[in-house]
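Good morning, and thank you for coming. I should like to walk you through one protein chain, looking at its fold, its interior and its empty spaces.

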Amino acid sequence: MAKLYLKFEQAVLKEVTVTQGGMVTIGRLPDNMIQVDNLAVSGHHTKIYWEDDHYVVEDNNSLNGTFVNNQRVSKVTLKDGDNVLVGKHTITFKDEWHEDQPEQRVPTQVMPAVPQMEATVVLDTKKAKELMAQARALKEGGAFPSAAPAGAGPTASGTMPAVRPAPPPPPPPPPKERTGMLTVLEGKTDQPHYLLSGKLTVIGKSAMATIKLKGSLFRQPPDVAAIVSKREGKYFVASQDKKANLKVNGAELGHQQELQEGDTIEVFGVKMSFEYHD
């Protein structure tokens, strides 16, 4: 878990928590989780989210750019204590999850005990002659007579001709990474199918959402209701707003969960099925 502190000069204006699998949007429009009311800030200026095993900040092609420790960036990994400059405001990043981790110690490597060797046995006479013939061939500069095709006769030196070993088979091709897909079963969205090709898919009413939810006159969905993240070929879903009432297979979800093929997701009255698209 990490925390973001929105500051203007030395004053802290807002504190926001960003969880693993979560995302915080930053910009001038009111649908951002951190709204910065300044003309130098774009409507959807930048975002901070969890990717693989770390937090990153990514600029949304803003007019004035996003700066981390006074360096302009498009996308960069955040470290504890970094300062993100958006317009005239500063967002300080505190990675509390890493602060809570116990110090890791490298375990002492213990070498395995040397196994006891079985007693040496005397070779039979036929085997001894074969080994002696191989030793003579190596001494005379000949090839190692490890094997010979059936019917091949001895060479002039009295040894069997060498046979080249067959080349090893080619390695199998790496498995093709599958792409997830959500199919709408019930509810109102802007598309019937959504291919989850990116690392982060936003579900909500926000203009930057991939899956846009539609509300009614009396009930509107959250700007960011839930997100689906992709890590190491797997997909994970996590709620971003309690009003979204996120469910997986009919059970309410209060934490991040890996999606399995055939799972159903319900977000703000929209029901979708998850499957892999080959």
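What follows moves from the whole chain to its cores, and then to the pocket and the cavity.

Please keep in mind throughout that this is a predicted model. The chain has 278 residues, and 35% of these count as buried. Its secondary structure consists of 22 strands and two helices. If we take contacts between residues at least 6 apart in sequence, 38% of them join residues at least 24 apart. On the outside, the chain exposes about 18000 Å², and carbon and sulfur atoms supply 53% of that area.

Let us turn to the interior. Which residues have the most contacts inside the largest nonpolar core? They are Leu182, Ile203 and Val267, in a core of 24 residues. The elements that each give two or more residues to this core are strand E12 (179-186), strand E13 (193-196), E16, E17, strand E21 (264-267) and strand E22 (270-277). Of these, E22 gives the most, with four residues.

Val267 deserves a closer look. Setting aside neighbours within four places in sequence, Val267 is in contact with Ile203, Leu213, Ala225, Ala226, Ala244 and Leu246. Apart from the core just described lies another, of 21 residues, and among them are Leu6, Val16, Val24 and Ile26.

Next, the open spaces. The largest pocket holds about 430 Å³ of space. It is lined by 22 residues, and the closest to its centre are Met33, Val224, Ser239, Gln240 and Asp241. Strand E2 (11-18), strand E3 (23-27) and strand E17 (234-239) each give two or more residues to the lining of this pocket. The largest share, three residues, comes from E2. By class, the pocket lining divides into 10 polar, eight nonpolar and four charged residues.

Finally, the enclosed space. How many cavities of 30 Å³ or more does the count give? The count comes to one. The largest cavity has a volume of about 50 Å³. Its lining is made up of Tyr49, Trp50, Glu51, Asp52, Lys199, Leu200, Ser229, Lys230 and Arg231. Two elements give two or more residues to that lining, namely strand E5 (46-51) and strand E16 (226-231). In the cavity lining, five residues are charged, three are nonpolar and one is polar.

To close, I would ask you to find two strands again in the structure. E16 gives two or more residues to the largest core and also to the lining of the largest cavity. E17 gives two or more residues to that core and also to the lining of the largest pocket. Thank you.

Note on methods
Residues are numbered from 1 along each chain as its sequence is written. This is a predicted model: local features need pLDDT of at least 70, side-chain atom pairs count only at pLDDT 80 or more; totals for chains, interfaces and linings use all residues. Side-chain values use heavy atoms; hydrogens and water are left out. On a 1 Å grid over the protein atoms alone, a cavity is a set of points where a 1.4 Å probe fits but cannot get out, and a pocket is an open set with protein on both sides within 12 Å along at least five of seven lines; lining residues have an atom within 4 Å of a point. Grid points are joined across faces, edges and corners, and a volume is the space filled by probe spheres set on the points. Ala, Val, Leu, Ile, Met, Phe, Trp, Tyr, Cys and Pro count as nonpolar, Asp, Glu, Lys and Arg as charged, and the others, Gly among them, as polar. Buried means under 20% relative accessible area, exposed over 50%, partly exposed in between (1.4 Å probe, protein chains only). Contact means heavy atoms within 4.5 Å. Accessible areas come from the Shrake-Rupley method with a 1.4 Å probe; for residues, only the protein chains shown count as cover. A nonpolar core is a set of buried Ala, Val, Leu, Ile, Met, Phe, Trp, Tyr and Cys residues joined through side-chain atoms within 4.5 Å.
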